[in-house]
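Visitor: I am new to this structure and would like to learn how to read it. Could you walk me through it step by step?

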Amino acid sequence: MRALRPDIEREEPLWTEAVRRGWELYRDVERVSLETRVPLQAVIAILENLKERGELPAEGRESRI
């Protein structure tokens with residue numbers, strides 16, 4: 001997964017937006033993967049990138065990342 005992090009958003013920009021929207025709805029890694037059809041490893045990599053940049057919403061239900 002660490003190898004995916006630098007390139008995933010550049011290679012699959014639609015996945016990034018899908019994961020961002022999915023995270024706002026579900027706040028659950030497995031559910032985001034299932035609902036967006038983005039592979040689980042890619043979801044985790046994208047969420048880590050968003051978290052690192054402070055772009056994940058912090059309020060609401062407890063998150064599972």
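Guide: Gladly! One definition will serve us throughout: a residue is called buried under 20% relative accessible area, exposed over 50%, and partly exposed in between. Take Arg-20 as a trial case: its relative accessible area is 21%, so Arg-20 is partly exposed. Please keep in mind that this is a predicted model.

Visitor: Let me start with the overall plan. How many helices and strands does the protein chain have?

Guide: The protein chain has 4 helices and 0 strands. Read from the N terminus on, its elements run α-α-α-α. The chain has 65 residues, and 34% of them count as buried. Its accessible surface comes to about 4400 Å², with 50% of that belonging to carbon and sulfur atoms.

Visitor: What share of the contacts between residues at least 6 apart in sequence join residues at least 24 apart?

Guide: In this protein chain the share is 65%.

Visitor: Now a single helix. Why does the distance between the ends of α2 agree with its number of residues?

Guide: The expected span is 1.5 Å times one less than the number of residues. Helix α2 covers residues 13–26, which makes 14 residues, so a span of 20 Å is expected, and its end C-alpha atoms are indeed 20 Å apart.

Visitor: Which residues of α2 are buried?

Guide: They are Thr-16, Ala-18, Val-19, Gly-22 and Trp-23. Looking down the axis of α2, you find these buried residues within an arc of 165 degrees, so they line one face of the helix. The general idea is that an α-helix has 3.6 residues a turn, so residues three or four places apart point the same way.

Visitor: Which exposed residues sit on the face of α2 turned away from the buried side?

Guide: That face carries Pro-13, Leu-14 and Leu-25. As for the buried residues of α2, their cover includes α1 (8–11), α3 (29–36) and α4 (40–52).

Visitor: How should I read the nonpolar core?

Guide: The general idea is that in soluble globular proteins, nonpolar side chains tend to be buried together. Here the largest nonpolar core has 13 residues, and Val-19, Trp-23, Val-43 and Leu-47 have the most contacts inside it. Two or more residues of this core come from each of α2, α3 and α4. Helix α4 provides the largest share, 6 residues. Val-19 and Trp-23 are also among the buried residues of α2 that we listed.

Visitor: Next, the charged side chains. How many salt bridges does the structure hold?

Guide: There are 9 salt bridges in the structure. In one of them, the side chains of Arg-5 and Glu-52 meet at 3.0 Å, N to O. This pair links distant parts of the chain, with Arg-5 in the segment before α1 and Glu-52 in helix α4, 47 residues apart.

Visitor: Are Arg-5 and Glu-52 buried or exposed?

Guide: Arg-5 has 19% relative accessibility, so it counts as buried. Glu-52 is exposed, because its relative accessible area is 63%.

Visitor: What does Arg-20 from our trial case pair with?

Guide: The side chain of Arg-20 meets that of Glu-55 in a salt bridge (3.2 Å, N to O). Again distant parts of the chain are linked: Arg-20 lies in helix α2 and Glu-55 in the segment after α4, 35 residues apart. Glu-55 has a relative accessible area of 34%, so it is partly exposed. Glu-55 also meets Arg-53 in a salt bridge, at 2.9 Å, N to O. With a relative accessible area of 42%, Arg-53 is partly exposed.

Visitor: Which residues are linked in a network of salt bridges?

Guide: The network links Glu-9, Glu-17, Arg-20, Arg-21, Arg-53 and Glu-55.

Visitor: One last feature: the backbone in the loops. Where is Arg-27 found?

Guide: Arg-27 is in the loop between α2 and α3. Although Arg-27 is not a glycine, it has a positive phi of about 50 degrees. Its relative accessibility is 9%, so Arg-27 counts as buried.

Visitor: And what is phi of Arg-37 near?

Guide: Phi of Arg-37 is near 60 degrees, a positive value in a residue other than glycine. You will find Arg-37 in the loop between α3 and α4. At 77% relative accessibility, Arg-37 counts as exposed, whereas Arg-27 counts as buried.

How values were computed. Residues are numbered from 1 along each chain as its sequence is written. This is a predicted model: local features need pLDDT of at least 70, side-chain atom pairs count only at pLDDT 80 or more; totals for chains, interfaces and linings use all residues. Side-chain values use heavy atoms; hydrogens and water are left out. Buried means under 20% relative accessible area, exposed over 50%, partly exposed in between (1.4 Å probe, protein chains only). The arc is that of the directions from the helix axis to the C-beta atoms. Contact means heavy atoms within 4.5 Å. A salt bridge is a side-chain nitrogen of Lys or Arg within 4 Å of a carboxyl oxygen of Asp or Glu. Accessible areas come from the Shrake-Rupley method with a 1.4 Å probe; for residues, only the protein chains shown count as cover. A nonpolar core is a set of buried Ala, Val, Leu, Ile, Met, Phe, Trp, Tyr and Cys residues joined through side-chain atoms within 4.5 Å.
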